[in-house]
Amino acid sequence: MTAETIVDALNRSCHCISVDQGALQQTLEAGFGASKTFSRLQQTHPHLLANSPVFVSRGQIEQMKAVISAINHVAGLKRYREKVLQWVPDIAATSPGPKGVFFGYDFHLTKDGPQLIEVNTNAGGVLLLLHVASAQKACCSEVENFVTGRLDAADLELAFVDMFRKELRAQLPGNILRCVGIVDESPTEQYLGPEFILFQEMFARHGIDAVIADPDEFEIRGSRLHAQGKDIDLVYNRLTDFYLQTESCATLNDAYKSGAAAFTPNPHTHAIFANKRNLTILSDATCLRSLGVDNESIRVLESSVPNSRLVTRENADDLWARRRQIFFKPCWGYGSRGTYKGAKLTKKTWASILAADYIAQELVLPSERLVVVDGDQRSMKLDVRCYVYDGEIQLLGARMYRGQTTNLRTDGGGLAAVFTAPEI
C-alpha cells in the first residue's frame with residue numbers, strides 16, 4: 001500500500017479526528033479579544049470552518065513544494081518578468097521591495113500528483129485555519145498537522161508578525177512597524193471580514209497598532225499615509241483591485257507610487273505570480289525553454305500545471321468544441337468569480353468570455369473527502385492551499401465544498417485543517 005493509497009483511505013473513512021468545539025471556541029474567543037466576533041460568527045458563518053480535517057501524504061507535500069520552488073525560480077528570471085509585465089498596467093512594472101505575504105498556491109490532488117490550479121497573492125483564511133488546526137482532537141498519534149512537524153500556533157503567529165516587519169524593512173530599511181492598515185472594500189461586509197479582527201488582535205499582542213479600513217478612508221498627509229487618526233507604515237492589502245485602478249483606490253494608488261507606505265502584497269507581486277495569464281507560460285514547456293528555464297523546473301511544471309491557453313477569436317472554435325474538458329477563468333479574476341466549467345456554458349456566456357480577457361485551463365477534477373453530517377455520510381470536493389512566503393510553505397489548509405466553487409457555505413464543508421498521513 002502506498003502513502004497516497006493510505007491518504008485516499010483516510011479521506012474516505014477516517015472520522016475519528018474532528019474539531020474540539022470547546023477548544024475552538026476558547027482559542028477563537030481569545031483571538032477575537034473583546035470584540036464578541038466569535039458569537040456572531042457562529043450565527044452568520046455556520047459553514048465557514050469544517051469539522052473534519054483533510055489528509056495528504058508527505059510525498060504530495062514534497063511535490064507541492066517542488067512546484068512552488070520551480071515557480072519561484074521562474075519568477076526570478078529576467079526574460080519571464082519582461083514577458084508577463086507586458087500585459088499589466090504600468091503601476092506593476094517595478095518592485096518596491098516587499099515579497100508579498102500569504103501567497104496561496106491552490107492544488108487539486110490527483111492520481112498523477114498534485115495539480116496547481118492557480119496562485120493567489122491575497123489569500124485569506126490563514127488565521128482562521130491556524131485556530132481550526134490547533135483545535136483538532138484525534139484518537140491516534142500517527143497523524144500530525146503540517147507546518148514543520150506538529151503545529152505550534154504561538155510560534156507560527158510570531159513568524160507571521162516577523163514576516164510583516166520584514167516586508168516593511170524590504171521597502172523602507174530601518175523603519176519600525178508601528179501601525180498596519182488592513183484594507184479591503186467594505187471590510188465589515190466581506191465574508192472573511194472576521195479574520196481582519198484576528199489580524200488586528202494578533203498585531204496588538206505584539207505591540208503593533210492596526211486599523212481595518214475601506215480604501216476611501218485613507219488620505220495622504222505630508223509624506224505619510226493616514227487612516228482613522230493614525231499614520232500607516234504598511235498596508236496589508238486584501239483588495240481584489242490588484243492594480244489599484246478604481247476610483248476608491250485613488251489615494252492608495254498615489255501612496256503606492258510615492259512610497260508613502262509599504263504595500264504587501266502589491267501590484268508587482270500580483271503581476272509576477274498571480275495574473276491567471278501567467279499560467280499559459282508556466283504550462284508551456286516550449287515557452288519556458290525559450291525563456292531559459294532549466295530542464296528540471298520544466299519537468300516539474302509540465303507534470304503539475306494543467307495546460308492553459310489564452311482565449312482568442314482564433315482558437316474559439318476549437319475551445320468551444322472541447323469545452324467539456326476545460327475550465328474558463330478571467331485573467332484578473334479572484335475567488336471563483338466569473339469562472340465557468342465548460343460543460344455548463346451557454347452561448348450567451350461564451351460570447352461574454354470571448355469579449356473579455358480569459359484563459360482556458362484543462363479541467364482537473366478535485367479529489368474528495370467523505371464527512372459525516374447529522375449522522376449521514378456526504379462526499380465533499382476539496383482543494384489544498386499552501387500558504388507561502390518567499391517560496392516557503394508556512395501552513396497547509398484545505399477548503400471542502402459541494403457544487404462548482406469553493407464558497408465556504410456548504411453544510412459539512414469550509415476551511416479544514418490538513419494532516420499528513422502516517423509513514424509507510
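**Group meeting talk: hairpin, cores and salt bridges**

Okay, let's start at a hairpin: strands β18 and β19 have 2 residues between them, and in that hairpin D374 takes a positive phi near 55°. Before going on, this is a predicted model, where local features need pLDDT of at least 70, side-chain atom pairs count only at pLDDT 80 or more, and totals for chains, interfaces and linings use all residues. Residues are numbered from 1 along each chain as its sequence is written, and side-chain values use heavy atoms, leaving out hydrogens and water.

When I say helix or strand, I mean a DSSP run, numbered from the N terminus: H or I of at least four residues for a helix, E of at least two for a strand. Two strands pair if DSSP finds at least two bridges between them. Back at our hairpin, β18 (residues 367–373) and β19 (residues 376–389) run antiparallel, joined by 7 bridges. V372, for one, has Q377 as its bridge partner in β19. β18 also has two faces: S367, R369, V371 and V373 are on the covered one, while E368, L370 and V372 are on the uncovered one.

Now, the inside. Buried means under 20% relative accessible area, exposed means over 50%, and partly exposed is in between, with a 1.4 Å probe and protein chains only. A nonpolar core is a set of buried Ala, Val, Leu, Ile, Met, Phe, Trp, Tyr and Cys residues joined through side-chain atoms within 4.5 Å. The largest one here has 74 residues, and Y80, Y105, L225, L301 and C386 have the most contacts inside it. Helix α4 (residues 58–75) gives the largest share of this core, 8 residues. Apart from it there's another core, of 54 residues, with L24, I208, L234 and L395 among them.

What does Y105 touch, if we skip residues up to four places away in sequence? Its contacts (heavy atoms within 4.5 Å) include I68, I71, F273 and C386.

N278 is a fun one. You'll find N278 in the loop between α10 (267–274) and α11 (279–282), and it counts as buried because its relative accessibility is 0%. Its side chain makes a 3.4 Å polar contact with that of W87. By polar contact I mean a pair of N or O atoms within 3.5 Å; within protein, one must be able to donate a hydrogen and the other to accept it, and residues adjacent in sequence count only if both atoms are side-chain atoms.

Last topic: salt bridges, meaning a side-chain nitrogen of Lys or Arg within 4 Å of a carboxyl oxygen of Asp or Glu. A search of the whole structure finds 17. In one of them, E157 meets R205, with the closest N and O atoms 2.7 Å apart. That pair links distant parts of the chain, E157 in helix α7 (residues 153–171) and R205 in helix α8, 48 residues apart. E157 is at 16% relative accessibility, so it counts as buried, whereas R205, at 42%, counts as partly exposed.

Helix α8 shows up again: E195 and R238 form a salt bridge of 3.1 Å, N to O. R238 lies in the loop between β12 (234–237) and α9 (250–258) and E195 in α8, so the pair ties together parts 43 residues apart in sequence.

And we end back on β19: D383 forms a salt bridge with R399, the closest N and O atoms being 2.7 Å apart. Both R399 and D383 are buried. Salt bridges with shared partners join D106, D383, R385 and R399 into one network.
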